[in-house]
Amino acid sequence: MKHAGNRPWAGTAIFRILVIVICGMIFAPYLPVNYFTITERGRTIFSCPVPNAYPFVTTYIHSLQLTPVKDDYRFVNGKIWTWEEWTQSHNAGLPSVTPPHAVLVLSPPWMINRGGRFVHDVINYRIGNERFGRNTWLLRPWNEIKIFEKYPSYRVVMEASAAPLKDARTAGFDTIGEMPGADKRIVSF
């Protein structure tokens, strides 16, 4: 079948697809992605590219009152956004006033501060141990990681940035947690 210009349609389509594939191979490594790293004293414990709005959930037992807390973070444009904070108490230094631009949602036994527009480049994070903290992390596709068993009493730095895909190396999967049957690279454009 021919179209205007007397050139075969199939030849034009194949040429266009070939141009798209070549351009993709040239430019894809330079596309920016969210890049999440966790370091301890300059040593990388974990790093990987993550899709936009991808969740990272930390849980821990807070204070003498032994109150469970969940913090739900999202990666957006090279930043870490505090998306939700789940608590079961307002005592012992836990949030007692809903921040501006946030909504308090009651879902017994949880009190959820949703929103708030808190954004971070870096989060300094203290990992507890068996007795205090009992911190866990959840970053899909990995299963929940009992980080307090792997790195008890460590102080780590969680950092998000935007990096070209070619520079967004993955590291630390063997020390962070199990991910049976899944690809170890999370990619987002």
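Which side chain does aspartate 167 meet in a salt bridge? Select aspartate 167 and lysine 166: their side chains meet in a salt bridge, with 3.3 Å from N to O. The model on screen is a predicted one. Colour the two residues by accessibility next. Aspartate 167 has a relative accessible area of 39% and is partly exposed. Lysine 166 is partly exposed too, with a relative accessible area of 31%.

**More salt bridges**

Side chains of opposite charge can pair when their charged atoms come close. In the whole structure, a search finds 7 salt bridges. Select Glu40, Arg41 and Arg43, which are joined into one network by salt bridges that share partners. Within this group, look at the pair of glutamate 40 and arginine 43, whose closest N and O atoms are 3.6 Å apart. Is glutamate 40 buried or exposed? Glutamate 40 counts as buried because its relative accessibility is 12%, and the limit for buried is under 20%. Arginine 43, at 42% relative accessibility, counts as partly exposed.

Now select lysine 79 and aspartate 121. Their side chains form a salt bridge of 2.6 Å, N to O. Lysine 79 belongs to strand E5 and aspartate 121 to the loop between E7 and E8, so this pair ties together parts that are 42 residues apart in sequence. Lysine 79 has a relative accessible area of 32% and is partly exposed. Aspartate 121 is partly exposed as well, at 41%.

**The sheet**

Switch to a cartoon view. In what order do the strands of the open sheet run? The sheet has 6 strands, in the order E6-E7-E5-E4-E3-E9, and the pairing is antiparallel. Find its edges at strand E6 (102–107) and E9, each of which pairs on one side only. Step across the sheet from strand to strand: the twist averages 20° from one to the next.

Stay at the E6 edge and select E6 with E7. These two strands pair in the antiparallel sense over 6 bridges. To see one residue pair, select valine 103 and then arginine 114, its bridge partner in E7.

**The largest pocket**

Select Tyr60, His62, Asp71, Glu85 and Tyr125. Of the 29 residues that line the largest pocket, these lie nearest its centre. The volume of this pocket is about 520 Å³. Which strands supply at least two residues each to the lining? Among them are strand E3 (54–62), strand E4 (67–76) and strand E5 (79–87). Add strand E7 (110–120), strand E8 (122–126) and strand E9 (133–138), which also supply at least two residues each. Colour the lining by residue type: there are 12 nonpolar, 12 polar and 5 charged residues.

**The cavity**

Rolling a probe the size of a water molecule over the atoms shows where empty space is left. How many cavities of 30 Å³ or more does a search of the whole structure find? The search finds 1. The largest cavity has a volume of about 60 Å³. To reach it, select Phe46, Phe56, Trp137, Leu139 and Ile145, which lie nearest its centre among the 10 lining residues. Strand E1 (32–40) and E9 are the elements that give two or more residues to this lining. Colour the cavity lining by residue type as the last stop: 10 residues are nonpolar, with no polar and no charged ones.

Conventions: Residues numbered from 1 in each chain as written. Predicted model: local features only at pLDDT ≥ 70, side-chain atom pairs only at ≥ 80, totals over all residues. Heavy atoms only, no water. 1 Å grid on protein atoms, 1.4 Å probe; cavity = no way out; pocket = protein on both sides within 12 Å on 5 of 7 lines; lining within 4 Å. Points joined across faces, edges and corners; volume = space filled by probe spheres on them. Helix = DSSP H or I, 4+ residues; strand = E, 2+ residues; numbered from the N terminus. Nonpolar A, V, L, I, M, F, W, Y, C, P; charged D, E, K, R; others polar. Salt bridge = Lys/Arg side-chain N within 4 Å of Asp/Glu carboxyl O. Buried < 20%, exposed > 50% of the residue type's maximum accessible area, 1.4 Å probe, protein only. Pairing = 2+ DSSP bridges. Axes fitted to C-alpha atoms, helices over the stretch in contact; angles between N-to-C directions.
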